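These are my notes from a session of looking things up in one structure. I start with the whole chain and then turn to a few places within it.

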Amino acid sequence: MLPQIEAFLEVAKRQNLSRAADALFVSQPTVTVRLQTLEAELQERLFVRTRRGMRLTEAGEAFLPYAERAVQALADGRERLGELRRGSAGKLVLGAPATVSAYALPLILARFTAEHPSVRLVLKSGTSEEILELVLQDHVQVGLMRALVHPEVESVHLYADTLVLVAGPAHRLARAHRLRLHHLAGEALILFGRSSSYRDFTSAILRQAGALPGGIMELDNIEAAKKMVERGLGISLVPRSAVTAELAAGALHLVDLADGAPGHREIVAVRRRDAGPPSGAVAAFMRLLTEVRAQLELGAAGGAGPRG
């Protein structure tokens, strides 16, 4: 009924069939047919023809505000859809483990919210394994996590996070130089993320180097693990990006290893393969990730951090 309602509003506004037809870029007979069709649909006469032009009937006057709201609602709906296509509105559901949330997301989300203030953001946390499951269940649109292979997701590389060994400032290893991993045998080891594969990965690195720990303290999150290391309760193998602030402040010290870096973790953005090409807020977010990738890489390598 949109063409009929638009014809009704133009005739009501201009009180002239010819001028209404010109405004709508159609012929006068077309406007007449549209009005007749609308009156038949409503079973009411909406206009009377007078010497001064077309005048609304009582029914026409009653119908006018509803017709105006209908056209405005449709215009608002079109604008809303345009915002969704442009990524300037809607909802974006992200998932990330604590290490990524603390390091990468502040930079990414500060940029994203500044450019897309009307998008409602929802952030879910968990281990990388849990985030992957949320993506697979379609509870998360984009997961930022350690690279895990799964045939139903596609991944985009973000940055490589080097693993470093840290100790508290008063720990005997804090000032040691050119240590090898096997020299760490007997040291108390502090682990985090007991529900993820991180624990097995860390233990495997030390075991392969013949550095069996003297004791292990397992914690649920990296923030608690860092506090234990600061207090001198043990050493920990952590992503460098997670301790940038502590290293700069002197709260933690890098343990100088002659073996080189124990390894690295690739951080990726994952989506379901069957989600199709990204659109709306998801497309805008993925574009932003490519723009900040170099800055994330630099910060993870120990350069200027992403918060700058």
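**Notebook: from the whole chain to single contacts**

Entry 1, the chain as a whole. I began with the secondary structure and found 11 helices and 11 strands in the chain. I keep in mind that the model is a predicted one. I then looked up burial, and of the 308 residues of the chain, 44% count as buried. For the surface, I noted that the chain exposes about 16,000 Å², of which carbon and sulfur atoms supply 51%. I also wanted to know how contacts are spread along the sequence: among those between residues at least 6 apart, 74% join residues at least 24 apart.

Entry 2, two helices. A pair of packed helices is described by the angle between their axes together with the distance between the axes. I therefore looked up both values for helix α2 (residues 17-24) and helix α3 (residues 28-42), whose axes come within 8 Å and cross at roughly 100 degrees. An angle from 65 to 115 degrees counts as roughly perpendicular, so α2 is roughly perpendicular to α3. Which residues meet where α2 and α3 are in contact? On the α2 side I listed Leu17, Ser18, Ala21 and Leu24, and on the α3 side Gln28, Val31, Thr32 and Leu35. Sorted by character, the residues of this contact of α2 with α3 comprise five nonpolar and three polar, with no charged residue.

Entry 3, aromatic rings. I looked for ring pairs next, and the count comes to four aromatic pairs. One that I followed up is formed by Phe8 and Phe47, with 5.5 Å centre to centre and 55 degrees between the planes, and this pair is tilted. The pair links distant parts of the chain, since Phe8 belongs to helix α1 (residues 2-14) and Phe47 to strand β1 (residues 47-50), 39 residues apart. Are Phe8 and Phe47 buried or exposed? I found both Phe8 and Phe47 to be buried. When I traced the rings further, Phe63 joined Phe8 and Phe47 in one aromatic cluster.

Entry 4, the start of the chain. I finished with Met1, which is found in the segment before α1. Where does Met1 make contacts once its neighbours within four places in sequence are left aside? With those neighbours excluded, I found Met1 in contact with Leu38 and Glu41. I also noted the separation between the C-alpha atoms of Met1 and Thr37, which is 9.0 Å, although these two residues are 36 residues apart along the chain.

Note on methods
Residues numbered from 1 in each chain as written. Predicted model: local features only at pLDDT ≥ 70, side-chain atom pairs only at ≥ 80, totals over all residues. Heavy atoms only, no water. Axes fitted to C-alpha atoms, helices over the stretch in contact; angles between N-to-C directions. Helix = DSSP H or I, 4+ residues; strand = E, 2+ residues; numbered from the N terminus. Parallel < 35°, antiparallel > 145°, perpendicular 65-115°, else oblique. Contact = heavy atoms within 4.5 Å. Nonpolar A, V, L, I, M, F, W, Y, C, P; charged D, E, K, R; others polar. Buried < 20%, exposed > 50% of the residue type's maximum accessible area, 1.4 Å probe, protein only. Areas by Shrake-Rupley, 256 points an atom, 1.4 Å probe, with all protein chains shown as cover. Phe/Tyr/Trp six-rings, centres within 6.5 Å; stacked < 30°, edge-to-face > 60°.
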